[in-house]
Amino acid sequence: MKIPGAGLAKGLAVTMRTMTRRSVTGQYPDVKPELPPRSRGVIALLEENCTVCMLCARECPDWCIYIDSHKETIPAPPGGRERQRNVLDRFDIDFSLCMYCGICIEACPFDALFWSPEFEYAELDIRDLTHGKERLGEWMATVPPPPAHDDSGIRPKELESAAAALAKTAAGAGPERPSRHGREAEAAAPAPAEPVEPAPAEPVTPEVAAPEAPPTGRRSLGGVVWAPEEDER
Amino acid sequence: MTEALEVVLRIVLVLGAFLVLPLLVGQTEHKAMAHMQSRLGPMYAGGFHGWAQLVADGVKFAQKEDVVPAAADRTVFKLAPAVALIPYLVVLVAIPVGPDWVGHDLDAGLFFVLAVMGIGVLGSLMAGWASANKFSLLGGLRSAAQLMAYELPFILAAASVAMAAGTLSLPAIVEAWEPWWLVWQLPGAVVFFVAGLAELQRPPFDMPVADSEIIFGAYTEYTGLRFALFLLAEYAGIVVLSALTTVLFLGGWRGPFVDELPALGVVWTLVKTMALAFVVIWLRVAYPRLREDQLQRLAWQGLVPLALGQLALTGVVAVVVA
């Protein structure tokens, strides 16, 4: 049997129940929102890792990345030859054009571009939305560490190769490859961090001299340094 | 001399209550409605949970330009907010809050209160007519229709209490009140409260001001302080309706421990009044607006027969008890 007024009572109950619960409003400027991992706020640039290979600029669907560079000659070390490398002069992203697809980040073979969850970079003029490498570099500090690997997933091959290299060193064999420049002490590095010869497998566009090592010689991400996989070869 | 001083004191107290209580109800509405809708409501004004929001609103309204439409009937247009607001102030004088706490004890207090409350609706009628705006006119006419429909059950329900108590004096009604009247007069209480809500044009009976279809009805053309006065009249109306329902049906200042400590009666009245004001807000959040025909049907087919039945019941029981 339907009790008359049951619907009215139900309506009152719903509002009363909602009142006793915590409201969902976020007090944004006072309390920062808790963004989910991998939030796409802004694109940050780790300048040291960039080799001016132009892949990001070419892949960008909006053509909103502007890169200028010049070549710099590194003086020859004793017994070696002179080398050239690219120096980044300008790396601008026009965020008024960017559609946050993240293709540049996917395309970068040297881990120079990252998603940062930072989103408070509104400007009063649309022309001010073009941010240079200094500003993009500042955002690197806000890039979160990569999420931990899933326990039940396939172990990343970086870890496998690092473990293999460590086992080799522990066995006393030392690094297989002789250090050509004699710079690195044999016992120091378990895995050679610097690719000393051009890696043939790396995706390189022919007209860009990319396979040079990045200036620091390491790929770093938020303080984490890992060795590239070259020691397999 | 002391007599004059007493009169001044009473007036100041009533005026103070008239200025403070509606703001209190307004702030409660802000916060309670927000939390019922899973929001926070005002949080900035005044620093602590937006307690000064209505003060800030008042300052804002005072700064706005006072616009009178070119085609409007200027005198009536300017007079309407006062006509809407002042009756509630006058009614507050006659409402007893404690055993001896009443602005002025009238012999025919109930009659006076109901008569003066009827004037309040004239304010929105005048506003609707004088604005020279079709939406305002529609709103004004809807106000008139609503007033016609709901004044009858409102007064019949009040008459039932007057019959039960055998007096028209509000303090005497509270004195005569017994707890079992809560059951005896329950239909009358419901009719009185609902009809009062409709007279205040509060949701769900806000067809005359329906902002989404006739742009706040009679108040469409009002700005600044005059608009604020209409809003204040609405909240003062909530206070007056809640206080009247308390006095007539909930025993006013009567309650536990009042015999030992008469001053507690004032607290009881205020607690009951505020609880009813909360119910007014609660109903506003919970229910959608009634359509015009539903409004009329509820009044003529629901409330009027119910009020008449209550009147008959009161008469029979009063005779039997006597």
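**Exercise 1. Work out which residues Leu244(B) touches, leaving aside those up to four places away in sequence, and whether Leu244(B) is buried or exposed.**

Step 1: Look for contacts, meaning C-beta atoms, placed from the backbone, within 7 Å of each other. Leaving out residues up to four places away in sequence, Leu244(B) touches Ile95(B) and Val113(B).

Step 2: Before going on, a word on the model: it is predicted, so local features need pLDDT of at least 70 and side-chain atom pairs count only at pLDDT 80 or more, while totals for chains, interfaces and linings use all residues. Residues are numbered from 1 along each chain as its sequence is written, with chains lettered from A and ligands numbered from 1 in the order in which they are written.

Step 3: Place the residue. Leu244(B) sits in helix α10 of chain B; helices (H or I, at least four residues) and strands (E, at least two) are DSSP runs, numbered from the N terminus.

Step 4: Count neighbours. A residue is buried if 20 or more other C-beta atoms lie within 10 Å of its own, exposed if 12 or fewer, and partly exposed in between, with C-beta atoms placed from the backbone. Leu244(B) has 26 within 10 Å, so it's buried.

**Exercise 2. Find which residues touch the most other members of the largest nonpolar core, and which helix gives the largest share.**

Step 1: Pin down the term: a nonpolar core is a set of buried Ala, Val, Leu, Ile, Met, Phe, Trp, Tyr and Cys residues joined through C-beta atoms within 7 Å.

Step 2: This core has 94 residues, and those touching the most other members are Ile95(B), Ala158(B), Phe192(B), Ala195(B), Ala236(B), Val239(B) and Val240(B). Helix α10 (residues 224-249) of chain B supplies the largest share, 18 residues.

Step 3: Apart from this core lies another, of 25 residues, including Leu45(A) and Trp115(A).

**Exercise 3. Lay out the open sheet of three strands in chain A and say which strands stand at the edges.**

Step 1: Strands pair if DSSP finds at least two bridges between them. Here the order is β2-β3-β5, with antiparallel pairing.

Step 2: β2 (65-74) and β5 (130-131) of chain A each have a single partner strand, so one side of each lacks a neighbour in the sheet; these are the edges.

Step 3: Check one pairing. β2(A) is joined by 10 bridges to β3 (residues 83-94) of chain A, and Lys71(A) has Asn86(A) in β3(A) as its bridge partner.

Definitions and conventions. Contact = placed C-beta atoms within 7 Å.
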